Amino acid sequence: MSDAWISVAVVGVGTIAVKALGPVALGGRPLPERLTGVIELLAPALLAALVAVQAFGAERSLVVDERLIGLAAAGIALWRKAPILVVLVVAAATTALARLIA
Amino acid sequence: MEPRSRSYREGAGAAAPLAIAVVAFGVSFGLLARAEGWGWAAPIVMSATTFAGSAQFATVSVLGTGGTVTAAIASALLLNARYAPIGVSVAPFFEGPAWSRFLHAQLVVDESWAIAAEGHGRFNARMLIGAGLLLYVAWVAGTAIGSVGGEVLGDPESLGLDAAFPALFLALLVPQIRDRRTLTAAVLGAAIALALTPFAPAGVPIIAASAACLLGLRRR
């Protein structure tokens, strides 16, 4: 079994279970307030980490390359309230253009 | 009965503009997974079972940057841990037997959840199901287009698709930043990940960054 298929199976089962947890098992009882406070911050912390690693990471090193130009363009598009589809196209097109010129 | 039957359609209607973007996300997920050597079937199976964009992209990118299976799975499951409290928040509004609540729970994604929010902690289950079903079809169909048609479209890097990854996560991050606490968690998470990248195996910096959420233990 390849790494991809193992990941697909485990992430699939895990996600299905996590999504079902509240509606099936907890019957609507809220989580303790302190735990909710922690889980609330998980998404911003992880998503910011993914932005950073995807923009600067390369095989155990940090590099600045054309991806940063694309990310900056995406940031401007987001700031201009562009739809998410436009943001992605802007990031990809800017990076592709920068690579073409470089 | 009339207003109730309309609610599914209202949910789907509210999700329609998003569905177009979700198809595009699905295409790029299928494309990138295919480019990382996943074959055509695994991306489609993952979209049909996991149905959570950021976790799926994270899995592909951790494996694609040389990370271990454990790191990839942990990153994805940590990203999806938010569905525990999200699931609890909608639980009171999901009626019917356990199997039906189980199936409806699978249609909960950030977007369908946001569309179903009526304020004051109330959620419209029919809006959520209508929106979730449309987004599910869009996501799986987009993935199929990307993974089956992948080879036709050429090299993802020359198309700049690798830059779409951080842009995608940035776009998902922005609405999460609601106050000083969430901003601090985001900055700390990014700092931990960048600091560890030169020293730790791929994937580990992302997992370590989740420690930033322990800021939530502090009293507000």
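Okay, one definition before anything else: a residue is buried if 20 or more other C-beta atoms lie within 10 Å of its own. Keep that in mind, since it comes back a few times. And a word of caution: what you're looking at is a predicted model.

So, chain B. It has 220 residues, and 58% of them count as buried. You'll find 12 helices and two strands in it. Starting at the N terminus, the order is α-α-α-α-α-α-α-β-β-α-α-α-α-α. If you take contacts in chain B between residues at least 6 apart in sequence, 70% of them join residues at least 24 apart.

How confident is the predictor here? Mean pLDDT for chain B is 84, with 90% of its residues at 70 or more. Among the elements of this chain, helix 2, residues 41–49, has the highest mean at 97, and helix 9 has the lowest at 58. For the model, ipTM is 0.80 and pTM is 0.69.

Now chain A. Here we have 102 residues, 46% of them buried. There are five helices and zero strands, so to speak α-α-α-α-α from the N terminus on.

Let me stay with helix 4 of chain A for a minute. This one covers residues 66–79, which is 14 residues, and it reaches 20 Å from first C-alpha to last, close to the 20 Å expected at 1.5 Å a residue. Which of its residues are buried? That would be A:Glu66, A:Arg67, A:Gly70, A:Leu71, A:Ala73, A:Ala74, A:Ala77 and A:Leu78. Look down the helix axis and those buried residues fall within an arc of 160 degrees, so they line one face of the helix. What do they pack against? From chain A, helix 3 (42–56) and helix 5 (84–101), and from chain B, helix 10. After helix 4 comes A:Lys81, with a positive phi, near 60 degrees.

That helix 10 of chain B takes us to the interface. How many residues are in contact across it? On the chain B side 86, and on the chain A side 69. Helix 10, residues 161–173, gives the largest share of the chain B side, 13 residues. By type, the chain B side splits into 63 nonpolar, 19 polar and four charged.

There's a nice spot to zoom in on, B:Gly160. You'll see it in the loop between helix 9 (150–153) and helix 10 of chain B. Is B:Gly160 buried or exposed? It has 26 C-beta neighbours inside 10 Å, so it counts as buried. Beyond its neighbours within four places in sequence, B:Gly160 is in contact with A:Gly70, A:Ala91, A:Ala92, A:Ala93, A:Thr94, A:Thr95 and A:Ala96. And A:Gly70, remember, is one of the buried residues of helix 4 of chain A.

Last stop, the largest nonpolar core. It has 115 residues, and the ones with the most contacts inside it are A:Ala45, A:Leu46, A:Ala49, A:Ala91, B:Leu128 and B:Ala167. Helix 1 of chain B, residues 2–35, brings the largest share, 14 residues. Take A:Leu46 from that list: leaving out residues up to four places away in sequence, it touches B:Leu78, B:Leu79, B:Gly189, B:Ile206, B:Ala209 and B:Ser210. A:Ala91 is on that list too, and we just met A:Ala91 as a contact of B:Gly160.

That's the tour. Thanks, everyone.

Terms used. Residues are numbered from 1 along each chain as its sequence is written. Chains are lettered from A and ligands numbered from 1 in the order in which they are written. This is a predicted model: local features need pLDDT of at least 70, side-chain atom pairs count only at pLDDT 80 or more; totals for chains, interfaces and linings use all residues. A nonpolar core is a set of buried Ala, Val, Leu, Ile, Met, Phe, Trp, Tyr and Cys residues joined through C-beta atoms within 7 Å. A residue is buried if 20 or more other C-beta atoms lie within 10 Å of its own, exposed if 12 or fewer, and partly exposed in between; C-beta atoms are placed from the backbone. Helices (H or I, at least four residues) and strands (E, at least two) are DSSP runs, numbered from the N terminus. Two residues are in contact if their C-beta atoms, placed from the backbone, lie within 7 Å. Ala, Val, Leu, Ile, Met, Phe, Trp, Tyr, Cys and Pro count as nonpolar, Asp, Glu, Lys and Arg as charged, and the others, Gly among them, as polar. The expected span of a helix is 1.5 Å times one less than its number of residues. The arc is that of the directions from the helix axis to the C-beta atoms. pLDDT is the predictor's confidence in each residue, from 0 to 100.
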